[in-house]
Amino acid sequence: MSKKYDVIIIGAGISGCAVAWKLARYNLDILLLEKEADVATGTTKANTAIIHAGYNADPDKLKGHLNVKGNQGIREVAKKLNIPYEEIGSLVVGLEDDNLSVIDELYKKGLKNNVPNMEIVGKEWLRENEPNISPKAVKALWAPTAGVITPWEAALAMAQNAVANGAEVKLETVVEDVMTEDGKVVGVKTNQGNFEADYVVNAAGLYADEIAKMVGIEKINITPRKGEYYIYDHAKDFVVNHVVFPVPTPISKGIVVTPTVENNLLIGPTSHNVKSKTDLATTREGLKEVYEGAKKLYPSLDLRDTIRVFAGLRAADDSEDFVIEAAENVKGFVNVAGIQSPGLASSTAIADYTAEILADEGLKLSEKKDYIETREEPVRFYEMTNKERAKMVGKNKDYGQIICRCETVSYKEIVDAINSPVGARTVNAVKRRTRAGAGRCQGGFCGPRVVDIIAQELGIDPTEVKQEEGNSQILEYKIKELLGSKVMDNA
């Protein structure tokens, strides 16, 4: 056994990072464990990036209780931790042939959830505020408190702030068992050794049911629910001003059309249960469903400026609700499971609620006097004016070396992303932090340079650099060495 912790959190998605961020304000020893090579590599990295207003969440479920509170909380956290966030509002748009009474029902549900400033708007409002919307659009629920965020940076910012306040993060650490003695948690067994703790929080996303079974909890059953998406180049000349939903179904909010914080256009997702928790493949049928659904809202939308397709998996529990509760059979074990939509919007409220449960279970929460509330804003060269860029280059010439031309990402930004707390270790981790490789060419130009920079900064061979997880090394051989060996073979 190594150092003993007060709390171990399993899973560094948005929920786990939010819980770590919350608990780090107290005088506690906290360990955040993640089985992958970076935070936010599961559901958090592949979703619609929306901060929901809260009108769609069932008032009688935990989702309804936490969504609006989380919506308010994430706005405050975004300011303090410098997380890209824009409150652009959302619309649930009813077309002529839709059941328009659903919009009225959502409005009433929103009132029960205390969603502020909602309005039901008509044709004229829609034509004025969404000029490309379908001419068949006749009515919409307008919720101005909805917004868009960068979800992986939200998780990263919370993890970094937790580390700044004394928490530890261990990546590539797979939990193999939760250890108990006399009906109480005593720690976890991992591929990196055993770690002692008085409390364990299970925020393992798609694998939360498997972690729960380690302590004998059988009632959690996570089904992967796949969503497929298209993303457009941010240079696309097609105006969408809000997060735009169709009239929803019982299991899906439908195909959404939304701008992102980075000014891309995103359409999706589908909503289909799948068997495998690693099935991230896009399908011809799924992408067709996405496009046809988006076209109903925006008939003039086409696919010419799409730059990527992707799929994400939501961790849907059989209850179709969040499962956030202390275990009845094991003291010190708390589940934070079934966190699908609106989990991102609810993340800060989920953290608050989890902290309350831990306190009820006996964890002492005494606030630190020297708690650090803010995170320094990362340099985002692509957002700057040329005058601001020149000033940065004057301070450090490494800002003048542009590695990613599509997104105007500098060498210095990539180096900083690798060497910052909870730093990037993979090509995709660099992409999430800096947007290098997120543009039109999708890393075709900058990819090899990013590999070289990661190798240099981490002191590893380029053949060891991974795209993301597992056996995703990009280079099998060094080209010069391979050519050299062939020359010798032919000699």
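How near do the axes of helix α2 and helix α5 come, and at what angle do they cross? In this predicted model, the axes of α2 (residues 62-81) and α5 (residues 151-164) come within 11 Å. They cross at roughly 65°. The crossing is left-handed.

Which residues meet there? From α2 come Ile74, Val77 and Leu81. From α5 come Ala157, Met158 and Asn161. Five residues of this contact are nonpolar, one is polar and none is charged.

**Two helices of 12 residues**

Helices α3 and α12 can be set side by side.

| Helix | Residues | Length | Expected span | End-to-end C-alpha distance |
|---|---|---|---|---|
| α3 | 101-112 | 12 residues | 16 Å | 17 Å |
| α12 | 447-458 | 12 residues | 16 Å | 17 Å |

For α3, the distance between the end C-alpha atoms agrees with the span expected at 1.5 Å a residue. For α12, the reach is close to the expected value.

**Helix α3**

Where do the buried residues of α3 lie around its axis? They are Val102, Ile103, Leu106 and Gly110. Viewed down the axis of α3, these buried residues fall within an arc of 100°, so they line one face of the helix. The face turned away from this buried side carries Lys108 and Lys112, which are exposed.

Strands take part in covering the buried residues of α3. Among the covering elements are β5 (90-95), β6 (119-122) and β7 (137-143). After α3 comes Asn114, with a positive phi near 65°.

**Val138 in strand β7**

Strand β7, one of the elements that cover α3, holds Val138. Which residues does Val138 touch, leaving aside those up to four places away in sequence? Its partners are Gly94, Leu95, Glu96, Leu100, Val121, Gly122, Lys123 and Leu126.

Asn161, one of the α5 residues that meet α2, is 23 residues from Val138 along the chain. The C-alpha atoms of Val138 and Asn161 are separated by 45 Å.

**Helix α12**

Which residues of α12 are buried? The buried residues are Gly447, Val450, Val451, Ile453, Ile454 and Ala455. Their cover includes a strand, β21 (402-404), and two helices, α10 (411-419) and α11 (427-434). Just after α12, Gly459 takes a positive phi of about 65°.

Notes:
Residues are numbered from 1 along each chain as its sequence is written. This is a predicted model: local features need pLDDT of at least 70, side-chain atom pairs count only at pLDDT 80 or more; totals for chains, interfaces and linings use all residues. Side-chain values use heavy atoms; hydrogens and water are left out. Helices (H or I, at least four residues) and strands (E, at least two) are DSSP runs, numbered from the N terminus. The expected span of a helix is 1.5 Å times one less than its number of residues. Buried means under 20% relative accessible area, exposed over 50%, partly exposed in between (1.4 Å probe, protein chains only). Contact means heavy atoms within 4.5 Å. Axes are lines fitted to C-alpha atoms, for helices over the stretch in contact, and angles run from 0 to 180 degrees between N-to-C directions. A crossing is left-handed if the near helix is turned anticlockwise from the far one by less than a right angle, and right-handed if clockwise. Ala, Val, Leu, Ile, Met, Phe, Trp, Tyr, Cys and Pro count as nonpolar, Asp, Glu, Lys and Arg as charged, and the others, Gly among them, as polar. The arc is that of the directions from the helix axis to the C-beta atoms.
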